[in-house]
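Me: Please take a close look at one strand of this predicted model and at the partners beside which it lies. I should like a connected account that places the strand within its chain and then within the wider assembly.

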2 protein chains.
Amino acid sequence: MSKFTLALVAAGGAAAGAAATAVMYGTSRNQVQTPSLATTTTTTVSPTTASGPPVPVPASAIKAAARQAPVDPSGLYQYGFPGPISDLRPAASLVSSFDRRTRNPAWVAEHITPISVAMRDADRKFSVFVEDVGIPEKFRAKLKDYFRSGYDRGHQVPAADAKWSQEAMDDTFALSNMCPQVGEGFNRDYWAHFEDFCRRLTNNYPSVRIVTGPLYLPKREPDGKWRVSYEVIGSPPNVSVPTHFYKVIYAEDGKIGGNVSLGAFVLPNAVISNDKPLTDFEVPVEAVER
Amino acid sequence: MSKFTLALVAAGGAAAGAAATAVMYGTSRNQVQTPSLATTTTTTVSPTTASGPPVPVPASAIKAAARQAPVDPSGLYQYGFPGPISDLRPAASLVSSFDRRTRNPAWVAEHITPISVAMRDADRKFSVFVEDVGIPEKFRAKLKDYFRSGYDRGHQVPAADAKWSQEAMDDTFALSNMCPQVGEGFNRDYWAHFEDFCRRLTNNYPSVRIVTGPLYLPKREPDGKWRVSYEVIGSPPNVSVPTHFYKVIYAEDGKIGGNVSLGAFVLPNAVISNDKPLTDFEVPVEAVER
């Protein structure tokens, strides 16, 4: 890739401030096909098929047609699609979509059943936290981002929901299944109990699906304005610390076309007293969608 | 859709706090096909084709194979894909991708040429700001969100870049091409001059592509921690106020496989003195990607 400097001397006038000299980098374009500009084709009607006089095509009409699209905004795609790309990860124990902007998953979906929960073929002491190499290095959450951040590497799909095989449990230890979570009083307490509550739904339902993920919610400030505010851990800052977490639960009766019980919960990423009933955090499913 | 209440009485124990009674909503599942569970098929090797003794298939191996997937996480998709969905809008004068979380575009791409810039077939006094009906109502930016917010409805693709037809200019007035921008001292001043600078690049380049969009960048706080913090306008809060805006410029020489000059700029959504040179805001293209 050749790199050269181009000095663009812009015109003066009112825009004197902004019209500074810009240094731009030239690069050879990796172009498969040039987007063609709009052209106007005029067709002459053959006298053997036309019964009337030739339809006049005034010059102004041609000019107007030519004006239809002097530009081609989609031609940008020759350089690649600008994104966003939601790195989708289908694994044995989960499916997740990664948000490159926050370096957190957008959502992680799991499926548990009475059988999968009863199986005991994995132990978390054999699992290790790993960076997700399926995500390009510069958009990935890093182990060093979490190091000494004060936050837990909080599983979205809990390791304990994937005891049915060591590989399935290992899947849950990728950082693309993690969000920075408050440890004491949340991840290791209330949130863990909440996860346990979800697992025990399999006592009543043959099939339970759970979607878990982070939220970055606005808060009303003293001046009456709403503001989203969250920490970003890592140096340089890389992984966003969510303000809240949600779970949407689909408890299925296991019949084809059968009934499904839906529940949605939003919990703050903060210390929560174990006395607080879970129902306090229940929300309409629509609220999570928003 | 039948709606009934299901009382789930969860077990007690350590999880007493979280294991509250959850009220869940039952709904009839709109299911086209039930995801099939993994089954194990054992094949007997025919003695006419096998030369050696039959390969033993121990019961433990079958058991192990059966354990491969007691669950089906992707089965969630029967309820629809959780997203995120980046509403893509291809219009005559722009292509944009909308971010439903921030209710701002993620990026808006345009294409200008010496001809398109020279054309004068539109006047902004005939254009009106409109909500983008292509985006579901609950994820859309609304006119009332901007009303009395203190922010301008800031064009990402400037109206003045689409003077080649009234329709093309009207395209730029959809709220999916807008972000809340500081008016005096930014949108109506420095940013406008910057847009003018981009237009004048067509004096030197036959084809110029510009991608514009919002950023929500972290700032180092007095305690040394990095924090993303931005206002959300509307009542209830709906449209995020970006902290910064970027433009990535592709100045093409118009030849097939030719050269392209690249430039990237990041400007704060704040009053900027017109004395400040634009080069102060130039960044490596990679920085915008991040």
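Reply: Chain A contains seven helices and 13 strands. Of its 290 residues, 41% are buried. Among the contacts in chain A with a separation of 6 or more, 62% join residues 24 or more positions apart.

Since the model is predicted, its confidence should be stated before any detail. Chain A has a mean pLDDT of 82, with 76% of its residues at 70 or more. Among the elements of the chain, strand E7 (residues 178-181) has the highest mean pLDDT, 98, and strand E1 (residues 4-8) the lowest, 31. The pLDDT is below 50 over residues 1-51 of chain A, although this stretch has 83 contacts in the model beyond near neighbours in sequence. For the complex, the predictor gives a pTM of 0.79 and an ipTM of 0.77.

The part chosen for the close look is strand E10 of chain A, which spans residues 226-233. This strand is mostly covered, with six of its eight residues buried. Its pairings may be taken in turn.

Within chain A, strand E9 (residues 218-220) pairs with E10(A) in the antiparallel sense, over three bridges. In this pairing Lys219(A) stands opposite Arg227(A). E9(A) and E10(A) form a hairpin with five residues between the strands, and there Gly224(A) takes a positive phi near 90°.

E10(A) also pairs with strand E11 (residues 239-240) of chain A, again antiparallel, through two bridges. Here Ile233(A) has Val239(A) of E11(A) opposite. These two strands likewise form a hairpin with five residues between them, and Gly234(A) in the turn has a positive phi of about 105°.

A further partner belongs to the other chain. Seven bridges join E10(A) to strand E10 of chain B, residues 226-233, and the two strands run antiparallel. Across this pairing Val228(A) stands opposite Tyr230(B). E10(A) is thus bridged to E9(A), to E11(A) and to E10(B).

The wider setting includes a nonpolar core. In soluble globular proteins, nonpolar side chains tend to be buried together. The largest nonpolar core in the model has 118 residues, and those with the most contacts inside it are Val208(A), Ile249(A), Val208(B) and Ile249(B). Leaving aside neighbours within four places in sequence, Ile249(A) is in contact with Cys198(A), Leu201(A), Val208(A), Ile210(A), Leu262(A) and Gly263(A).

In chain B, helix H6 (residues 190-200) has several buried residues, among them Trp191(B), Phe194(B) and Phe197(B). The buried residues of H6(B) pack against helix H5 (183-187) and strands E7 (178-181), E8 (207-215), E12 (244-252) and E13 (259-268) of chain B.

Two loop residues complete the account. Asp161(A) lies in the loop between strand E6 (152-155) and helix H4 (166-171) of chain A. Asp161(A) counts as buried because 25 other C-beta atoms lie within 10 Å. Not counting residues up to four places away in sequence, Asp161(A) touches Glu110(A), Ile112(A) and Arg199(A). Glu110(A) is 51 residues from Asp161(A) along the chain, and their C-alpha atoms are separated by 8.5 Å.

Asn203(B), by contrast, is located in the loop between H6 and E8 of chain B. Asn203(B) is exposed because it has 12 C-beta neighbours inside 10 Å. The C-alpha atoms of Asn203(B) and Pro84(B) are separated by 40 Å, and the two residues are 119 residues apart along the chain.

Technical notes
Residues are numbered from 1 along each chain as its sequence is written. Chains are lettered from A and ligands numbered from 1 in the order in which they are written. This is a predicted model: local features need pLDDT of at least 70, side-chain atom pairs count only at pLDDT 80 or more; totals for chains, interfaces and linings use all residues. pLDDT is the predictor's confidence in each residue, from 0 to 100. Helices (H or I, at least four residues) and strands (E, at least two) are DSSP runs, numbered from the N terminus. Two residues are in contact if their C-beta atoms, placed from the backbone, lie within 7 Å. A residue is buried if 20 or more other C-beta atoms lie within 10 Å of its own, exposed if 12 or fewer, and partly exposed in between; C-beta atoms are placed from the backbone. A nonpolar core is a set of buried Ala, Val, Leu, Ile, Met, Phe, Trp, Tyr and Cys residues joined through C-beta atoms within 7 Å. Two strands pair if DSSP finds at least two bridges between them.
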